[in-house]
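This report describes selected helix contacts, charged pairs and backbone features of one protein chain. Please consult the sequence and the model alongside the text.

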Amino acid sequence: MPAQETSNMTGGRHPLNVKFIPIPETLPEDGQFRQDFPSYTDGLVEASPGGYITTTQVFAENAENIYNLKPRPDDVFVLTFPKSGTTWTQDLVWLLMNNCDFERSKIPLVIRSPFLEMNYYVPKALQEKYERGAIVSKMRLPAFLVDLMYRFNIMDVVRPAVMKIMNLVVGEAVRDLNQLERMKSPRVFKTHLPLYLLHPELLDTSKVVYVARNPKDVIVSYFHFHKLMNQHKFTGDLESFADYFMKDRLYSSPYFPHLLDAWTKRHHPNLLFIFYEDLKRDLRGEILKIGRFLGKYPNEHQLNRMVEHLRIDKFANNKSVNFEHYRWLNFMSPDGRFIRKGKTGDWKNHFSPELNARIDEWMKSNLKDTDLSFITELEQQD
């Protein structure tokens with residue numbers, strides 16, 4: 001996992017006029033933030049302008065290359081703020097784009113449909129930790145030998161060979177930009193990046209499916225995700241997590257600018273804006289809607305199989321989508337599941353009246369000058 005890459009991209013480059021600036025309060029080792037996020041040894045950085053938050057300078061060093069990844073007319077980008085139904089929609093879109101090939105869908109989703117920025121959002125120190133653990137446990141090399149390889153920078157030389165061996169076991173779960181460019185069409189990408197950090201010709205070239213979810217449910221799901229994933233390893237409680245969320249001090253923050261940028265572009269013919277709650281309410285209807293947007297029309301048999309395949313209770317136990325390889329790479333805690341309940345309105349089982357009132361005020365403040373609204377509590381039924 002390189003700190004910085006050169007890319008084989010051809011044609012004129014587009015400069016990314018964004019700087020990534022360290023956030024001071026996330027840096028002190030004895031500060032509250034580092035106590036709550038002990039894995040963030042380098043703190044957080046913030047994009048200026050735009051405000052996008054990421055956990056690593058590695059992304060900042062490669063942001064312009066990501067920005068210049070050339071889109072193709074048959075590419076589809078599934079774009080979301082994290083924990084908004086990304087994986088569910090990603091598999092749905094992949095099936096539509098691949099003629100409902102359920103046999104190939106047994107291949108892990110992260111291989112069929114890569115996470116665009118996956119190679120760049122884990123801090124270098126954690127990358128080396130996970131890499132070391134995988135080499136020692138899976139390749140059976142003595143720990144002292146691996147430590148010597150890092151100490152004398154030998155790892156930088158042998159890493160390509162090591163990655164090839166690891167990919168034989170877990171597939172190309174983590175790919176750099178050059179590998180993404182070499183993928184055969186049609187490519188289906190997952191990304192949590194805001195639109196302004198993606199190629200400036202993206203919407204005029206490719207299809208984008210944007211999925212939004214009620215932020216109250218996002219907060220609950222994202223809290224559990226930060227507990228589950230070792231690169232976040234959040235140690236605090238839900239209330240303090242919600243505060244970080246509302247103050248835009250989490251990876252992929254800020255929530256509302258991410259959402260509202262896509263909302264204002266929802267009438268673009270190449271962007272489809274959908275809601276997670278609608279997927280839960282009418283999965284069949286939403287499959288057909290997304291299919292029409294992509295120019296894909298499954299027959300009745302395929303449609304019935306898709307509805308069954310994507311049932312949340314069944315989907316959560318699908319080994320091709322539940323990211324068990326993350327445990328293999330030591331990205332994920334032994335406890336917990338990547339796909340949890342998938343419920344709408346589950347926040348009511350977690351928020352105190354006081355926290356709910358603060359979140360309501362935060363939502364009202366951010367939505368006051370927009371025509372965006374979320375599905376009400378009465379409509380959120382499972």
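## Helix α10 and residue D217

D217 is found in helix α10, which spans residues 215-228. Helices here are DSSP runs of H or I with at least four residues, strands are runs of E with at least two, and both are numbered from the N terminus. The model is a predicted one: local features need pLDDT of at least 70, side-chain atom pairs count only at pLDDT 80 or more, and totals for chains, interfaces and linings use all residues. Residues are numbered from 1 along each chain as its sequence is written, and side-chain values use heavy atoms, with hydrogens and water left out.

D217 is buried yet has no salt bridge. Buried means under 20% relative accessible area, exposed means over 50%, and partly exposed lies in between (1.4 Å probe, protein chains only). A salt bridge is a side-chain nitrogen of Lys or Arg within 4 Å of a carboxyl oxygen of Asp or Glu. For D217, the nearest side chain of opposite charge is that of R213, 4.7 Å away; Lys and Arg count as positive and Asp and Glu as negative, while His and the chain ends are not counted. The side chain of D217 does reach the backbone nitrogen of W347, at 3.2 Å.

## Packing against helix α18

Helix α10 also meets helix α18: their axes come within 11 Å and cross at roughly 125°. Axes are lines fitted to C-alpha atoms, for helices over the stretch in contact, and angles run from 0 to 180 degrees between N-to-C directions. The crossing makes α10 oblique to α18. On this scale, angles under 35 degrees count as roughly parallel, over 145 as roughly antiparallel, 65 to 115 as roughly perpendicular, and the rest as oblique. P215, K216 and I219 of α10 touch N356, I359, D360, W362 and M363 of α18, where contact means heavy atoms within 4.5 Å.

Helix α11 (residues 238-246) packs on helix α18 (residues 353-367) at an angle of about 10°, with the axes 11 Å apart. Helix α11 is therefore roughly parallel to α18. The contact is made by E239, A242, D243, F245 and M246 on the α11 side and by L355, R358, I359 and W362 on the α18 side.

## Salt bridges

Side chains of opposite charge can pair when their charged atoms come close. The structure holds 17 salt bridges, including the three listed below.

| Pair | N to O distance | Separation in the chain |
|---|---|---|
| E64 and R13 | 3.3 Å | 51 residues |
| D243 and R358 | 2.6 Å | 115 residues |
| D371 and R266 | 3.0 Å | 105 residues |

The E64 and R13 side chains meet in a salt bridge. This pair links distant parts of the chain, with E64 in helix α2 (residues 57-67) and R13 in the segment before β1 (19-22). E64 is partly exposed, at a relative accessible area of 31%, and R13 is likewise partly exposed, at 41%.

D243 forms a salt bridge with R358, and the pair links helix α11 to helix α18. Both residues also appear in the helix contact described above. D243 has a relative accessible area of 23% and is partly exposed; R358 is partly exposed at 33%.

In the D371 and R266 salt bridge, D371 lies in the segment after α18 and R266 in the loop between α12 (255-264) and β7 (271-275). D371 is exposed, with a relative accessible area of 53%, whereas R266 is partly exposed at 23%. Elsewhere, salt bridges that share partners join E308, R311, D313 and K314 into one network.

## Backbone features

Which residues does a cis peptide bond with an omega of about 0° join? The bond joins S48 and P49, and P49 is placed in the loop between β2 (45-48) and β3 (53-54). A cis peptide bond also joins S185 and P186, with omega about -5°; P186 lies in the loop between α8 (177-181) and β5 (188-191).

N99 has a phi near 55°, a positive value in a residue other than glycine. N99 is found in the loop between α3 (86-97) and α4 (109-112) and counts as exposed at 59% relative accessibility. S252, which is not a glycine, has a positive phi of about 80°. S252 is found in the loop between α11 and α12 and counts as buried, at 0% relative accessibility.

Conventions:
A polar contact is a pair of N or O atoms within 3.5 Å; within protein, one must be able to donate a hydrogen and the other to accept it, and residues adjacent in sequence count only if both atoms are side-chain atoms.
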